[in-house]
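Reader: I would like to go through the terms used for this entry and see what each one rests on. Please give the cut-offs as we go.

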There are 4 protein chains.
Amino acid sequence: MDATAHVLSTKGFAGTRLTDVAKHAELQAPAIYYYFASREDLIEEAMFRGINDLRDHLQRALDALPTDTTPMDRILTAAEVHLRHGLDLSDYARASIRNSGQIPDRLRARQKKELTAYHRIWQRLIAAAAADGQIRGDLDPKIAQSLILGALNWSAEWWDPRRNSVDTLVTNAQAFIRHSLAPAAKPARRRAKGRAAG
Amino acid sequence: MDATAHVLSTKGFAGTRLTDVAKHAELQAPAIYYYFASREDLIEEAMFRGINDLRDHLQRALDALPTDTTPMDRILTAAEVHLRHGLDLSDYARASIRNSGQIPDRLRARQKKELTAYHRIWQRLIAAAAADGQIRGDLDPKIAQSLILGALNWSAEWWDPRRNSVDTLVTNAQAFIRHSLAPAAKPARRRAKGRAAG
Amino acid sequence: MDATAHVLSTKGFAGTRLTDVAKHAELQAPAIYYYFASREDLIEEAMFRGINDLRDHLQRALDALPTDTTPMDRILTAAEVHLRHGLDLSDYARASIRNSGQIPDRLRARQKKELTAYHRIWQRLIAAAAADGQIRGDLDPKIAQSLILGALNWSAEWWDPRRNSVDTLVTNAQAFIRHSLAPAAKPARRRAKGRAAG
Amino acid sequence: MDATAHVLSTKGFAGTRLTDVAKHAELQAPAIYYYFASREDLIEEAMFRGINDLRDHLQRALDALPTDTTPMDRILTAAEVHLRHGLDLSDYARASIRNSGQIPDRLRARQKKELTAYHRIWQRLIAAAAADGQIRGDLDPKIAQSLILGALNWSAEWWDPRRNSVDTLVTNAQAFIRHSLAPAAKPARRRAKGRAAG
DNA sequence: TATGAATGAGTTTTCATTCAT
DNA sequence: CATGAATGAAAACTCATTCAT
């Protein structure tokens, strides 16, 4: 149910009332029970579909890339897909992403598995880039991945279509990610030896 | 009320029940009404305190830096404060950050103002870095800022203290941010030996 | 809701609990919310209906009188209608009359308007009687009207069907009112040759 | 407690909250328990005092009349006392009178006894007048008494000091009562045989 | 004598859910 | 398939009452 995803992405798990979902679907609340056994089922399904769609979408996009695409370019493609899917297309993705933390574990099983699968795709992309020397050694790949996905996920909270086009956002995000990961430019000599806090 | 922030950061706005808050505070639910006029007042206050504390904390940390700290190092300090405050210290910050999107506007007025003020601090830090040539020209500063804060905010969703220490996370995030922003260290000499806050 | 009027007329505004109303209606309390948005709406409606019905009732009774009915006889008819409606027929009227003073202004707007309209009918009856010389000059018509309505309204507090029939009460009240208003039947000839109602 | 009477006369029995009473008394609610064992005790006492004061007051006023005062004049004096006491002087009287019907029987015992005693005074006044031929034969003395007291009691609901002075009201009420009771003037011939509506 | 703090009982209200139609 | 009507469970909230101070 599209309406579910929409409400879920706006009001959060506990705030998702069947009445609101039904209103969005131009239905009366009891009608939902014709399609779903319970509120929980409905939400569980929407959460699952969110990640599931996103994963399919990403997988297809990656499969469509020329085989000689560099690992970094694959990552940037993934970033674009993730962003566009979450912002343009899909209440489901937003619902799924935003509510991850608020949902009782019981309802998360399927979504969690799907999410792990989605993360695994990213892990492979990053591992490939690392193997190719396209990722700086001072970064833990898992942490870097989480930071990237965080940066992308959060865009749903602040992005305002009246200020920036998605294209602009995508371009910026890609530049941001590329440099955050990449080692110093090619003829590299030395690199900064920063120090960070302790 | 600390308990409110805790529940709020776990269950979300609509999922925050007075009974749970009260249980955390080792009280009966009606006792809350001795201190707050309504559930909404309570939540509003917690959300406000979240950003308010965070801003104070950041401001103090920045004020404590040596005056010759480079703009980039100031940003990295800010990142550290933001991370540590959200992960280590404060249910308030988490509550405030995670629930921003789910709360009725009516309750957000004060928190919004505070958030804007907080963002302004970051804007100034980034503008200073840009003015100093420490930020690549292909990045829109506002977008970059949002991406950074997204990456940091999201850490509350995935960070697992049993896998990584906060220190590790901070170091990685700082490296991540530094390079995501910094121009290629062309014929680089040396770069700052930053120090970030403690 | 008849049940509301009944409880309201017995327990007063603040004492009217939804549970009691529901019990009277052989329902569960939440079912009330299917028909009314809130307790206040429910009460507001019952109070309004009280006066509204009474006014309709009175208006119809007056319209049904022969056109040559004397002004005084019209007044006595109105008294009878008022009494019978409040005692025999209507929890609504009792609810409306008894609780006038206890209800927050916010809920009284509509009822007040209706009440004013009801009073206006009486005013006209009395003015007509006065114009016809059937009311003593030492009485302020407004005050007299209020005293009459008071005498009638209050009967709900003390009238006990096991002691007096409504008919007896009506006859007594009419005699009471007639003489309270009428000028001394100076060189009296004949007056109306009435009959008390059945 | 004066405050109790005041609140009680405004909000009714169920609407009388200890907090409101306390606020009126410029106290905190728990302080009431220093003087009264419970809310019910407090209310019971206020209701009792209402009628008790009124009765004392009336008794003293009657005792002060010259012994040759006519029965009718005694009644009119009683009416004045009743009115003035309820309007000018006493929240207690108003509380007692207005809430008679809403209070659980358990709390009414004492007030009821007192009320009966008060009514007995009136009964005697009216009986005396009747014995003296000053009351028309077509009136049931008990009903007439109730109608009179109703007219007087109700004045608390509508009397507006900005429209009429108490003096005016008293004068009107006395005229109203006198004629409602009195037989047609001396050289009376025939009297009305009223007619009322059907 | 009085109050700040808290609570238990009970009330209004919300909402998922059921069910006859 | 869908809805109007209703309900049980649970939530927010109110308020008399207690108690330590």
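Author: Ala, Val, Leu, Ile, Met, Phe, Trp, Tyr, Cys and Pro count as nonpolar, Asp, Glu, Lys and Arg as charged, and the others, Gly among them, as polar. On that scheme the surface near DNA strand F divides into 16 nonpolar, eight polar and four charged residues. This is a predicted model, in which local features need pLDDT of at least 70, side-chain atom pairs count only at pLDDT 80 or more, and totals for chains, interfaces and linings use all residues. Residues are numbered from 1 along each chain as its sequence is written, chains are lettered from A and ligands numbered from 1 in the order in which they are written, and side-chain values use heavy atoms, with hydrogens and water left out.

Reader: What makes a residue count as near DNA strand F, and which come nearest?

Author: One of its heavy atoms must lie within 4 Å of the strand. There are 28 residues around DNA strand F, and Y35(A), Y33(B), Y34(C), Y35(C) and Y33(D) come nearest. On the DNA side, sugar and phosphate make up 77% of the strand F atoms that come within 4 Å of the protein.

Reader: How do you know that R39(D) makes a polar contact with a phosphate oxygen of DNA strand F?

Author: A polar contact is a pair of N or O atoms within 3.5 Å; within protein, one must be able to donate a hydrogen and the other to accept it, and residues adjacent in sequence count only if both atoms are side-chain atoms. A backbone N or O atom of R39(D) is 2.8 Å from a phosphate oxygen of strand F, so the pair meets the limit of 3.5 Å. Polar backbone atoms of two other residues also lie by phosphate oxygens of this strand: that of Q28(C) at 3.1 Å and that of L18(B) at 3.2 Å.

Reader: Why are chains A and C said not to touch?

Author: Contact means heavy atoms within 4.5 Å. Chains A and C do not touch, and their nearest C-alpha atoms are 14 Å apart. Chains A and D have no contact either, with closest C-alpha atoms 35 Å apart. Two pairs of chains are in contact, and C and D share the most contacts.

Reader: What relates chain B to chain A?

Author: Superposition is by least squares on the C-alpha atoms of residues with pLDDT of at least 70 in both copies. A rotation of 180° with 0.0 Å of shift along its axis places chain B on chain A, at an RMSD of 0.1 Å. The two copies are therefore related as by a two-fold rotation axis. Both use the same surface: 84% of the contact residues of chain B recur in chain A.
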